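Visitor: I have a structure open in front of me and would like to learn how to read it. Could you walk me through it, feature by feature?

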Amino acid sequence: ETGRMAKQAAGSALVTYGQQYVADRWGARLDGLGPDPAPAMRLVPLPAGIATNLDSAHALQRVLADQGYATAVTSWQGRGFLRLSAHLYNTAADYEGLAERCAHLFA
């Protein structure tokens, strides 16, 4: 039980780092998101006009997948969000790479 809890805490800390790093790189504001949806998942708001409906969210998700990133993109009330998650195999470099390699999509 202690080992599982330690892994959950590490995953939560890692994805929180990833959320902040991606948000900082893309100029996203994290205030107003509400509570974290799950211990190892976080949302990053996308710039206005990006992924404003499910079709455009899914199109962006395919673009990210083509670049090697398995992440979800969704839309809620006309606003796009990137969902980040942490797994045992993730590292900080995964989130940093996503933020740097995909920043041009949101410039």
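**Pocket, sheet and core**

Guide: Gladly! Let's begin with the largest pocket, which has 14 lining residues; Tyr-69, Ala-70, Thr-71, Ser-85 and Asn-90 are the ones nearest its centre. Keep in mind that this is a predicted model.

Visitor: How does one find a pocket, and what is the volume of the largest pocket?

Guide: The general idea is that rolling a probe the size of a water molecule over the atoms shows where empty space is left. Here, the largest pocket has a volume of about 320 Å³. Strand S3 and helix H3 are the elements that each give two or more residues to its lining.

Visitor: Let's turn to the sheet. In what order do the strands lie?

Guide: In general, strands of a sheet pair through backbone hydrogen bonds, either parallel or antiparallel. In this model, 3 strands form an open sheet in the order S1-S3-S2, and the pairing is antiparallel. S1 (41–45) and S2 (72–76) are the edge strands with a single partner strand each, so one side of each has no neighbour in the sheet. From one strand to the next, the twist averages 35°.

Visitor: Does any helix lie against it, and which strands does H1 touch?

Guide: H1 packs on the sheet, where H1 touches S1 and S3. The direction of H1 makes about 5° with that of S1.

Visitor: Now the pairing in detail. How many bridges join S2 to S3?

Guide: There are 5 bridges between S2 and S3. Among the pairs to look up, Ser-75 has Gly-80 in S3 as its bridge partner, and Trp-76 has Arg-79. S2 and S3 also form a hairpin, with 2 residues between them. In that turn, look at Gln-77, with a positive phi of about 50°.

Visitor: And on the S1 side, which residue stands opposite Met-41?

Guide: That is Ser-85 in S3, a residue you met among those nearest the centre of the largest pocket. S1 and S3 are joined by 5 bridges and run antiparallel.

Visitor: Finally, the core. Which residues touch the most other members?

Guide: When reading a core, look for buried nonpolar side chains that touch one another. The largest nonpolar core here holds 24 residues, and Trp-26, Leu-82 and Leu-98 touch the most other members. Helix H1 (2–26), helix H2 (54–66), strand S3 (79–85) and helix H3 (92–102) each give two or more residues to this core, with the largest share, 5 residues, coming from H1.

Visitor: What does Leu-98 touch, leaving out residues up to four places away in sequence?

Guide: With those left out, Leu-98 touches Val-22, Trp-26, Leu-64, Tyr-69, Leu-82, Leu-84 and Ala-103. Tyr-69 is also one of the residues nearest the centre of the largest pocket.

Note on methods. Residues are numbered from 1 along each chain as its sequence is written. This is a predicted model: local features need pLDDT of at least 70, side-chain atom pairs count only at pLDDT 80 or more; totals for chains, interfaces and linings use all residues. Side-chain values use heavy atoms; hydrogens and water are left out. A nonpolar core is a set of buried Ala, Val, Leu, Ile, Met, Phe, Trp, Tyr and Cys residues joined through side-chain atoms within 4.5 Å. Buried means under 20% relative accessible area, exposed over 50%, partly exposed in between (1.4 Å probe, protein chains only). Helices (H or I, at least four residues) and strands (E, at least two) are DSSP runs, numbered from the N terminus. Contact means heavy atoms within 4.5 Å. Two strands pair if DSSP finds at least two bridges between them. Axes are lines fitted to C-alpha atoms, for helices over the stretch in contact, and angles run from 0 to 180 degrees between N-to-C directions. On a 1 Å grid over the protein atoms alone, a cavity is a set of points where a 1.4 Å probe fits but cannot get out, and a pocket is an open set with protein on both sides within 12 Å along at least five of seven lines; lining residues have an atom within 4 Å of a point. Grid points are joined across faces, edges and corners, and a volume is the space filled by probe spheres set on the points.
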